[in-house]
Amino acid sequence: MGARAAFLLALALCFGLVLPAQAAPMWKIVTADDSELTRRIERDLYARLAPIVKLPERVTIAIGPVALRRAVTQRQEGRVFSAYTSSQVLHQVVSESDQAFVSGIYAEPSPQDQLQLIALLYGRPVPVAAIVSSEAEFLSSLAPGLKLERLPAKGGDINRALNRVAQLPVLLAWPDRAVFNTENVRNILLSSYRRGQGVIGFSADMVSSGALATTYSNPEDINTQLAEMLAQYAATGSLGAPEFPRYFRTAVNEGLARSLKVPVSDRARRFARRPRGDK
């Protein structure tokens, strides 16, 4: 709520004034928790979406996977827009019959941007592998040329899969819960380091924990893109398919890069795509 609107509301409460009716926005934000990060996202989104009142259909903006599941299950009208949920979870939650009504922004970096970052880090295109379960095989259509090592089944031997791609210089980490989880991520990073293999993570926190580098987007980046997509929907009536983050910057583990003898250039460090007018 803006300062003027808040002032008018305060006057109305104090003196019993009747305010003129205003058009309610055709979008709403739903969340599943009350963490500081969620509140930060929600406050920023309200500010960015305030000018967008009229849409072709009502839109429910689901922040995170739990909110997405609820929004899809309880959807009665309009469309659902997902944010801060991985592509794998979105593919699992949204049935084929609901795909036409759901759009959004995936939580993880674009594989194309990650491959471009790898080429900048190594000074040339190099062979890249990714280990995925059957739940994330759609990655093959998103990053042609990427060598996919598939786990034979849920709970498959991750060490055996790592051995099969050990000869490749780079492992692209993908947020596949059957592969990367809190129990084995440290082991994967350590095993890859011992082989001299760089791991491209899917978050800045992963780089801090031992991955070589990643592109990453902060909440303001995601919210800017979300506002742009809804503004386009208001103007054209087309919401489009889910997208990977459009705006990002790069995090590099400089100490690990030196240890792996990866000569990080300034161009790789500065690899980013920022919203217009953003520095």
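**A predicted protein chain in questions and answers**

The protein chain has an accessible surface of about 14,700 Å², and carbon and sulfur atoms hold 52% of this surface; such areas come from the Shrake-Rupley method with a 1.4 Å probe, and for residues only the protein chains shown count as cover. The model is predicted, so local features need pLDDT of at least 70 and side-chain atom pairs pLDDT 80 or more, while totals for chains, interfaces and linings use all residues. Residues are numbered from 1 along each chain as its sequence is written, and side-chain values use heavy atoms, without hydrogens and water.

Student: How many helices and strands are in the protein chain?
Tutor: Look for DSSP runs, numbered from the N terminus: helices (H or I, at least four residues) and strands (E, at least two). Along the protein chain, these come to 12 helices and 10 strands.

Student: What percentage of the residues in the protein chain are buried?
Tutor: A residue is buried under 20% relative accessible area, exposed over 50% and partly exposed in between (1.4 Å probe, protein chains only). The protein chain has 279 residues, and the buried share is 45%.

Student: Which element supplies the largest share of the largest nonpolar core?
Tutor: A nonpolar core joins buried Ala, Val, Leu, Ile, Met, Phe, Trp, Tyr and Cys residues through side-chain atoms within 4.5 Å. This one has 42 residues, and Leu121, Tyr122, Ile200, Leu212 and Val262 touch the most other members. Elements supplying at least two residues each include α3 (65-74), β4 (102-106) and α5 (111-122). The largest share, 5 residues, is from α5.

Student: Which residues does the second, separate core include?
Tutor: This core is separate from the one above and has 21 residues. Among its members are Met26, Ile29, Ile63 and Met229.

Student: Where is Tyr84 placed, and is this residue buried, partly exposed or exposed?
Tutor: Tyr84 is not a glycine, yet its phi is positive, about 65 degrees. Its place is in strand β3. Because its relative accessibility is 21%, Tyr84 counts as partly exposed.

Student: Is Lys261 buried or exposed?
Tutor: Lys261 is another residue other than glycine with a positive phi, near 60 degrees. You can find Lys261 in the loop between α11 and α12 (266-269). Since its relative accessibility is 71%, Lys261 counts as exposed.
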